[in-house]
Amino acid sequence: MYIVVDDRQIVTSGYVASFKREGVSSIGLYSTEFSEWLESASDTDMEAIQGFVLGSFEQRASYAESIRRHSKAPIIALSDVRSLEETLELFTAKFDDVVRKPVHVREILARSEAVWRRVNASSGKASSNENDRLKVFFDGRDPEIDGIPLTLPRRERHILEYLVRKKGHRLTKKQIFDAVYGLYSDDVEDSVVEGHISKLRKKLRQRLGYDPIDAKRYIGYSYTGAVS
């Protein structure tokens with residue numbers, strides 16, 4: 001799930017719609033709403049956030065430090081104009097990336113994933129096994145197994161991406177639902193996650209020859225397989 005912040009409703013609604021077309025959940029907030037949300041959001045809520053996209057508003061530069069106190073998710077700034085001074089200011093303020101508008105959300109997803117890879121590499125969590133059979137891209141492309149694409153419905157692909165990103169962690173059905181469908185989605189029951197994961201596990205098992213997702217009743221799911 002992505003959080004889009006801008007004081008112009010046309011910007012937030014436009015990017016939320018673009019994320020939706022890619023099958024990615026997101027919400028748009030004004031800067032004052034976001035500040036209030038940030039201080040009240042639970043740790044569980046924060047676990048569902050895959051990235052923050054901040055447009056133009058006053059005091060934007062100060063928001064990155066506030067976000068970082070609550071989340072390790074990538075923080076990306078949208079720039080209306082090409083400005084070296086502004087770009088340097090935002091990087092100094094601990095933004096992870098600055099992107100010139102207009103930008104397709106698939107580029108935002110790719111840049112966000114690049115940030116995640118750097119963070120994981122610096123913490124020693126990144127996989128370096130060149131023989132890993134499963135490759136996940138996190139940018140809208142289907143995963144590959146042995147170099148051959150594994151075509152998945154969007155929800156199954158997002159669930160796989162989230163499980164892989166959280167490899168080694170036990171995730172509850174609610175955590176997976178919030179990340180894939182959004183924190184404030186009330187038109188879908190979280191039990192739908194079980195069906196998606198069941199189908200996903202069957203497809204992975206057929207292609208890999210084993211089940212890389214460990215499921216424990218009442219406790220949750222954990223990705224235990226190798227990945228590149």
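Is the crossing of α2 and α4 left-handed or right-handed? The crossing is left-handed, and this tour of the predicted model returns to that pair after a view of the whole chain.

**The whole chain**

Begin with every residue displayed and coloured by secondary structure: the chain comprises nine helices and ten strands. With the view aligned to the principal axes, the C-alpha atoms occupy a box of roughly 55 × 40 × 30 Å. The radius of gyration is 18 Å, which agrees with the value near 17 Å for a compact globule of 228 residues. If the display is switched to accessibility, 47% of the 228 residues count as buried. On a contact map, consider the contacts with a separation of 6 or more: 58% of them come from residues 24 or more positions apart.

**Helices α2 and α4**

Select residues 31-40 for helix α2 and residues 60-68 for helix α4. Their axes come within 11 Å and cross at roughly 20 degrees. An angle under 35 degrees counts as roughly parallel, and α2 is therefore roughly parallel to α4. Now show the side chains at this contact: α2 contributes Ser31, Phe34, Ser35 and Leu38, while α4 contributes Tyr63, Ser66 and Ile67. By class, these residues are four nonpolar and three polar, with no charged residue in the contact.

**Helices α8 and α9**

Next, select residues 173-181, helix α8, together with residues 192-208, helix α9. The two axes lie 9 Å apart, and the packing angle is about 85 degrees; α8 is thus roughly perpendicular to α9. On the α8 side, display Lys173, Ile176, Phe177 and Tyr181; they meet Val192, Val193, Glu194, His196 and Ile197 of α9. The contact of α8 with α9 has six nonpolar residues, one polar residue and two charged residues.

**Helices α7 and α9**

Keep α9 on screen and add residues 154-165, which form helix α7. Here the axes are 10 Å apart and the helices pack at an angle of about 80 degrees, which makes α7 roughly perpendicular to α9. The α7 residues to display are Arg155, Glu156, Ile159 and Leu160; their partners in α9 are His196, Ile197, Lys199, Leu200, Lys203 and Leu204. This contact of α7 with α9 has five nonpolar, one polar and four charged residues.

Finally, leave His196 and Ile197 selected: these α9 residues take part in the contact with α8 and also in the contact with α7.

Terms used
Residues are numbered from 1 along each chain as its sequence is written. This is a predicted model: local features need pLDDT of at least 70, side-chain atom pairs count only at pLDDT 80 or more; totals for chains, interfaces and linings use all residues. Side-chain values use heavy atoms; hydrogens and water are left out. Axes are lines fitted to C-alpha atoms, for helices over the stretch in contact, and angles run from 0 to 180 degrees between N-to-C directions. Helices (H or I, at least four residues) and strands (E, at least two) are DSSP runs, numbered from the N terminus. Angles under 35 degrees count as roughly parallel, over 145 as roughly antiparallel, 65 to 115 as roughly perpendicular and the rest as oblique. A crossing is left-handed if the near helix is turned anticlockwise from the far one by less than a right angle, and right-handed if clockwise. Contact means heavy atoms within 4.5 Å. Ala, Val, Leu, Ile, Met, Phe, Trp, Tyr, Cys and Pro count as nonpolar, Asp, Glu, Lys and Arg as charged, and the others, Gly among them, as polar. The radius of gyration is taken over C-alpha atoms; the globule rule is 2.2 Å times the number of residues to the power 0.38. Buried means under 20% relative accessible area, exposed over 50%, partly exposed in between (1.4 Å probe, protein chains only).
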